[in-house]
Amino acid sequence: MTANKLDKKNIEDILSLTAMQEGILFHYRSNPESRQYFEQLSMRIAGNLDADIFKKAWNFTAQNNEVLRTVFRWEKLEKPVQVVLRNYEIPVRVYDISEYEEEEILRQLEAIKEKDRKEGIDISTEPFRITLCKLKKDRYEVILSNHHILYDGWSNSVILKEFLEAYDAFEKGQQPLRTAKNRYREFVKWHQGRDINTQKSYWTKYLEGMESRTLLPWDSKKQGEIKKAQVYTLEIEKEKAHRIKNFAREQKVALASVLYAAWGILLQRYNNSEDVILVLRYRAERQK
């Protein structure tokens with residue numbers, strides 16, 4: 001995969017990656033076809049919607065959020081970087097499926113989402129894109145697709161709020177207000193300036209005495225029969241998935257935290273232990 005050459009005049013900033021981003025990039029490069037960090041969010045909009053104002057509002061939101069104007073580069077570089085573009089129009093794909101009957105509309109909509117997921121994301125050129133589907137005269141579905149290397153789930157609400165405010169202002173013939181924000185460069189600088197030894201010392205002391213490993217029970221007699229690790233995929237029903245997401249939202253925690261907690265409780269019960277430690281490892285080695 002060779003990324004398009006960037007116009008130097010259109011580069012606003014070039015930043016190093018955080019440790020978390022480096023880990024995510026490693027997995028992305030190891031398996032470009034994987035959808036491990038692909039994020040897709042859908043929302044339904046009722047009422048009349050102007051496609052031109054829609055695009056204008058999103059581009060305004062991008063100007064106020066560096067992350068939406070960021071692409072990633074790593075080829076022929078000693079260390080990967082993220083490049084903030086000065087001017088960038090967010091890709092918006094528009095589908096009009098309003099001529100179909102209700103059942104076919106739902107089928108077409110699901111097909112559009114599935115196609116979007118299968119296509120994946122190219123973080124070197126388009127880490128964030130939007131799909132606008134017209135379902136009826138006054139009903140739309142908006143699909144936001146992005147790579148997790150850009151931002152976490154909590155940022156969605158901030159970005160959507162700014163977009164809706166911008167759209168409302170443009171629709172009224174007004175100029176949206178820009179939100180004052182710290183530049184991402186400041187966060188990266190803070191992240192790199194942390195004292196790793198101090199943090200290591202704190203956690204070493206905090207976890208002192210934790211010697212036993214928290215594992216799932218297994219039959220040592222069958223150890224020789226284990227050939228290789230297996231991957232199991234479980235598809236959760238939509239209703240149950242919505243309940244889990246709503247629970248995370250009500251508790252003001254990330255969805256991942258709920259899943260980690262469930263896994264921790266499982267290990268706790270299997271091991272009859274009060275304490276469980278989960279070690280999340282992100283490989284950040286640079287590929288040769």
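Select Ser16 and Val81 to begin: Val81, in strand 4, is the bridge partner of Ser16. Strands here are DSSP runs of E of at least two residues, and helices are DSSP runs of H or I of at least four residues, both numbered from the N terminus. The model is a predicted one, in which local features need pLDDT of at least 70 and side-chain atom pairs count only at pLDDT 80 or more, while totals for chains, interfaces and linings use all residues. Residues are numbered from 1 along each chain as its sequence is written, and side-chain values use heavy atoms, with hydrogens and water left out.

**Strand 4 and its partners**

Extend the selection to strand 1 (residues 11-16), which runs antiparallel to strand 4 and is joined to it by 5 bridges. Two strands are taken as paired if DSSP finds at least two bridges between them. Next, add strand 3 (residues 70-73), also antiparallel to strand 4, with 4 bridges between the two. Arg73 has Val81 as its bridge partner in strand 4.

Now display strand 4 (residues 81-85) with its side chains. Are its faces covered or open? Both are covered: Val81, Val83 and Leu85 are buried on one side, and Gln82 and Val84 on the other. Buried means under 20% relative accessible area, exposed means over 50%, and partly exposed lies in between (1.4 Å probe, protein chains only). Because 5 of the 5 residues of strand 4 are buried, the strand is largely enclosed by the rest of the structure.

**Salt bridges**

Across the whole structure, a search finds 19 salt bridges, a salt bridge being a side-chain nitrogen of Lys or Arg within 4 Å of a carboxyl oxygen of Asp or Glu.

Select Glu119 and Arg93, whose side chains meet in a salt bridge with an N to O distance of 2.8 Å. This pair links distant parts of the chain, 26 residues apart: Glu119 belongs to helix 3 (residues 102-119) and Arg93 to strand 5 (residues 92-96). Glu119 is partly exposed, with a relative accessible area of 42%, and Arg93 is partly exposed at 26%.

From Arg93, move to Glu126, in the loop between helix 3 and strand 6 (128-136). Which residues does Glu126 touch, not counting those up to four places away in sequence? They are Tyr88, Pro91, Arg93 and Ile121; a contact here means heavy atoms within 4.5 Å.

Return to helix 3 and select Glu104 with Arg107, a salt bridge in which the closest N and O atoms are 2.8 Å apart. Because these residues lie 3 residues apart in helix 3, about one helical turn separates Glu104 from Arg107. Glu104 is partly exposed, with a relative accessible area of 24%.

Proceed to Lys181 and Glu162, where the side chains form a salt bridge of 2.6 Å, N to O. The two are 19 residues apart and link distant parts of the chain: Lys181 sits in the loop between helix 4 (154-171) and helix 5 (184-192), and Glu162 in helix 4. Lys181 is partly exposed at 37% relative accessibility, whereas Glu162 counts as buried at 11%. Then select Glu12, Asp13, Glu66, Arg69, Arg183 and Arg185, which salt bridges with shared partners join into one network.

To relate two earlier stops, place a distance between the C-alpha atoms of Glu126 and Glu162: these residues are 36 apart along the chain, and the atoms are separated by 21 Å.

**A nonpolar surface patch**

Switch to a surface view and select Leu216, Leu255, Leu259, Tyr260, Trp263, Leu266, Tyr270 and Leu278, a nonpolar patch with about 720 Å² of accessible area together. Patches are made of residues with over 30% relative accessible area and no salt bridge, like charges being joined within 9 Å and nonpolar side chains (Val, Leu, Ile, Met, Phe, Trp, Tyr) within 5 Å. Accessible areas come from the Shrake-Rupley method with a 1.4 Å probe, and for residues only the protein chains shown count as cover. Within the patch, Leu259 lies in helix 8 (residues 255-271) and is partly exposed at 48% relative accessibility.

**The whole chain**

Finally, colour by pLDDT, the predictor's confidence in each residue from 0 to 100. The chain has a mean pLDDT of 86, and 91% of its residues reach 70 or more. Residues 282-288 stay under 50, and the model has 17 contacts for them beyond four places in sequence. Zoomed out, the chain shows 8 helices and 7 strands, and 32% of its 288 residues count as buried.
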